[in-house]
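Biologist: I am new to this structure and would enjoy a guided look. Could you take one part, explain it closely, and then show me what surrounds it?

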Amino acid sequence: MAKITYIENNGKSHTVEVAEGLTVMEGAVQNNVPGIDADCGGGMACATCHVYVKDEWFDKINKKSEGEDDMIDQAYEPKKNSRLSCQIQVSPEIDGLEVHLPVKQV
Amino acid sequence: MIKTDALIIGAGPTGLFTAHQLKLIGLDCEIVDNLDKIGGQCIELYPDKPIYDIPAIPECTGEELTNNLLEQLKPFNIKFHLGERVDELKKDNEKWKVKTSKGTVFETPNVIIAGGVGSFEPRKFPTKECEQFENKTILYSIKDKKIFDGKTVSIFGGGDSALDWALELSKTSKINLIHRRDEFRAAQATVDKIKELSNAGKINLITNSQLKTVFGNGKLEEIEIENDNKETKKLKTDFALGFFGLIMQLGPIANWGLNLNKKTVEVDTEKFETNQKGIYAVGDICNYPGKLKLILSGFHEGALAARACFKLARPNEKYRFEFTTSSKTIKNRLGVKSD
């Protein structure tokens, strides 16, 4: 289990326990955290589970998947620290991870 | 007005196979899709990516799957209405009256929504100021390239659309090509060509930058871009084009009085009918306990929805279950010889 905190664009924060092996996207969807659409269901075929990861966490989580940046090009307001949350694996090492959600996904 | 036994919304794999099922049991159908091509997400999102979980097909790409489904539909003459979005759906006596964005009107007892995750729309610039210039000097698709002759055009994006248009328009216009990183997701040959033109000073290539805001009075005059180090730069321009791919919006489906769950439509698992009689939802857009967003599930759902359509389309006939291996009637419909 790892505690993941999702911070909405309006500052509202949601902390949930996510089981190891799931993705940060699944953690949000299964716990009804608003702001992560995940239209394609985790297939890296859309860019609607887009999150921003602060520098101190960016290097601790698993590296970007091949093609992930191509999808992030198509996200809403991509930044340098953009990730697709369906590609971030949950493990005990990322206990305490904070991700920030964009203004909107579509 | 077009009268048909069933109208399918969405020409993705589920919509195509549902059409096959309808025709096999002797019903007419027509298909509407907002995209200008057949194949839905398979063609728009992953035409070259292999799929490994289509029953009896060990491996095929989205494009191959679409072509095979079209091949399977060949015996039937199915009319497609592409580049049209279904905007209105109204009950008229016992039938549904359906109107598209191009004004086509259908009358049908059955509407099957095979709309995936909604209709594809271009991803727009997030900058609010862009709205006032939209469809005039800020564009997300090109209908007539002559309007750019001799003008300055700022193209945003790093995929094939952005790069192909930058190459094409560089023959007659002054081009700024702006991308948020320095890697491109376009074909390597195109990327090489862009770099060549950039080195020769024929295209102004700006990477690691994005649009910050726009200025103009009535028409676009100047754009301000910002790079990763938060440095800004202003560029005079006549047009700004954004090619950020497509996003999926539920769109008008949300206004048809259907029971929705997030972006999906609730159905039963016998007929895949919604809370409205004669309106069905199949494929990724439908939702029921245990729903799997797999292409194979869409095929199953379409087959059952097609049988449900029979009752409303042929109220005085009884549907008889038949196998394609043995039924003479079905073989006639397929145009193949029976033994």
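Modeller: Let us begin with a term we will need: two residues are in contact if their C-beta atoms, placed from the backbone, lie within 7 Å. Please keep in mind that this is a predicted model. The part to look at closely is chain A. Among its contacts with a separation of 6 or more, 66% join residues that are 24 or more positions apart.

What pattern does chain A follow along the sequence? Reading along, you meet β-β-α-β-α-α-β-β, which is made up of 3 helices and 5 strands. The C-alpha trace of chain A spans about 30 × 30 × 25 Å along its principal axes. A compact globule of 106 residues would have a radius of gyration near 13 Å, and the 12 Å of chain A agrees with that. As for burial, 40% of the 106 residues of chain A count as buried.

Chain A also touches chain B, and the contact takes 13 residues from chain A and 19 residues from chain B. On the chain A side, these residues divide into 5 nonpolar, 2 polar and 6 charged.

Now for the partner. Chain B is divided into domain 1 (2-121 + 247-334) and domain 2 (124-244). Taken over C-alpha atoms, the centres of domain 1 and domain 2 of chain B are separated by 38 Å.

Helix 1 of chain B, residues 13-24, is a good place to pause. At 1.5 Å a residue, its 12 residues should span 16 Å, and the end C-alpha atoms are 17 Å apart, which agrees. Of those 12 residues, 11 are buried, so helix 1 of chain B is largely enclosed by the rest of the structure. Among the buried residues are Pro13(B), Leu16(B), Phe17(B), His20(B) and Lys23(B). Just after helix 1 of chain B comes Gly26(B), with a positive phi of about 90°.

Further along chain B, 3 strands form an open sheet in the order 21-22-24, with mixed pairing. Strand 21 (260-261) and strand 24 (286-287) of chain B stand at the edges with a single partner strand each, so one side of each is left without a neighbour in the sheet. Strand 22 (residues 264-266) of chain B pairs with strand 24 of chain B in the parallel sense over 2 bridges. If you would like a spot to find on screen, Val265(B) stands opposite Cys286(B) in strand 24 of chain B.

Terms used. Residues are numbered from 1 along each chain as its sequence is written. Chains are lettered from A and ligands numbered from 1 in the order in which they are written. This is a predicted model: local features need pLDDT of at least 70, side-chain atom pairs count only at pLDDT 80 or more; totals for chains, interfaces and linings use all residues. Two strands pair if DSSP finds at least two bridges between them. Helices (H or I, at least four residues) and strands (E, at least two) are DSSP runs, numbered from the N terminus. The expected span of a helix is 1.5 Å times one less than its number of residues. A residue is buried if 20 or more other C-beta atoms lie within 10 Å of its own, exposed if 12 or fewer, and partly exposed in between; C-beta atoms are placed from the backbone. Domain bounds come from an automatic or database domain assignment. Ala, Val, Leu, Ile, Met, Phe, Trp, Tyr, Cys and Pro count as nonpolar, Asp, Glu, Lys and Arg as charged, and the others, Gly among them, as polar. The radius of gyration is taken over C-alpha atoms; the globule rule is 2.2 Å times the number of residues to the power 0.38.
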